[in-house]
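Work through the exercises below with the sequence and the model side by side, and try each task before reading its solution.

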Amino acid sequence: MITFNIFKKKKGIYWTRTLIFYTILVPSLAVFLVRKEMDFDTNIIDDILICLIVGSLIYAFIVGSVGLVRYEPIKGRLEGFMVLNLNTIHIDYKVYHLNDIKKIEIFNGDYKGSLNVRSSGSIEPIISQGVENEIIITMNSGEVEKHFFQLQNENDLSKAEKELINYHLKGKIHFLHLIDILNITDYNKIQQFKKEISYMS
């Protein structure tokens, strides 16, 4: 029985450090430039705007620098477990029987401690919490279930190799997708793995 934490994303707007920064900087800068363009007399409003602009830039520099060595915030909550068994998958309180499943897709490129690439203009922390992994289960009925889960280590899913191979042998996971999940990239290892599972079928 292989268990992973389920990640439930927060709905709506999440106030990230980057969003806070631009929420302060952009309006302050816009008002300041408009006042200058319209040639308003300099007064305390301009002083406040300058303080906000400079303060937000200092905030961005400090937060952006600290973020190079900090974990990103979890934008949601870790709640419940995903359990991979040979003939069932338990996600939270729901049980998916393999016979009722048409296709299983797993995207597991994220793990705790991996480094994220910052998008342009972002000041967010770059160390991942490992929660951007997804399992997509397509039922025979056509219903599609999607869930996110956390990986503590890069190759944690290899602990469920026996279960994943069984899913493949039952026609639920394509072979090319299986070796991608298990991070088998070497050609010779792929051929050896293919021979091993052929004896199981």
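**Exercise 1. Establish the strand order of the open sheet, and find which strands stand at its edges.**

Solution. The open sheet holds seven strands in the order S4-S3-S2-S1-S9-S8-S5, and the pairing is antiparallel; strands here are DSSP runs (E, at least two residues), helices are runs of H or I with at least four residues, both numbered from the N terminus, and two strands pair if DSSP finds at least two bridges between them. Reading the order from its ends, strand S4 (94-97) and strand S5 (101-107) each have a single partner strand, so one side of each is left without a neighbour in the sheet. Neighbouring strands of this sheet are turned by 30° against each other on average, direction ignored, with axes taken as lines fitted to C-alpha atoms.

The model is a predicted one, in which local features need pLDDT of at least 70 and side-chain atom pairs count only at pLDDT 80 or more, whereas totals for chains, interfaces and linings use all residues. Residues are numbered from 1 along each chain as its sequence is written, and side-chain values use heavy atoms, with hydrogens and water left out.

**Exercise 2. Check whether the length of helix H2 (residues 44-66) agrees with its residue count, then describe its N-terminal end and its buried side.**

Solution. The expected span is 1.5 Å times one less than the number of residues; for the 23 residues of H2 this gives 33 Å, and because the end C-alpha atoms are 32 Å apart, the two values agree. At the N-terminal end, Asn43 acts as a cap, with a side-chain oxygen 2.9 Å from the backbone nitrogen of Ile45. The buried residues of H2 (under 20% relative accessible area, 1.4 Å probe, protein chains only) are Asp46, Leu49, Ile53, Ser56, Ala60, Val63 and Gly64, and they pack against helix H1 (17-37).

**Exercise 3. Which residues have the most contacts inside the largest nonpolar core?**

Solution. A nonpolar core is a set of buried Ala, Val, Leu, Ile, Met, Phe, Trp, Tyr and Cys residues joined through side-chain atoms within 4.5 Å. The largest has 32 residues, and those with the most contacts inside it are Met82, Ile89, Ile104, Ile135, Leu164 and Phe193. Its largest share, four residues, comes from helix H4 (175-181). Apart from this core lies another, of eight residues, among them Phe21, Ala60, Val63 and Ile123.

How values were computed. Buried means under 20% relative accessible area, exposed over 50%, partly exposed in between (1.4 Å probe, protein chains only). Contact means heavy atoms within 4.5 Å. A polar contact is a pair of N or O atoms within 3.5 Å; within protein, one must be able to donate a hydrogen and the other to accept it, and residues adjacent in sequence count only if both atoms are side-chain atoms. Axes are lines fitted to C-alpha atoms, for helices over the stretch in contact, and angles run from 0 to 180 degrees between N-to-C directions.
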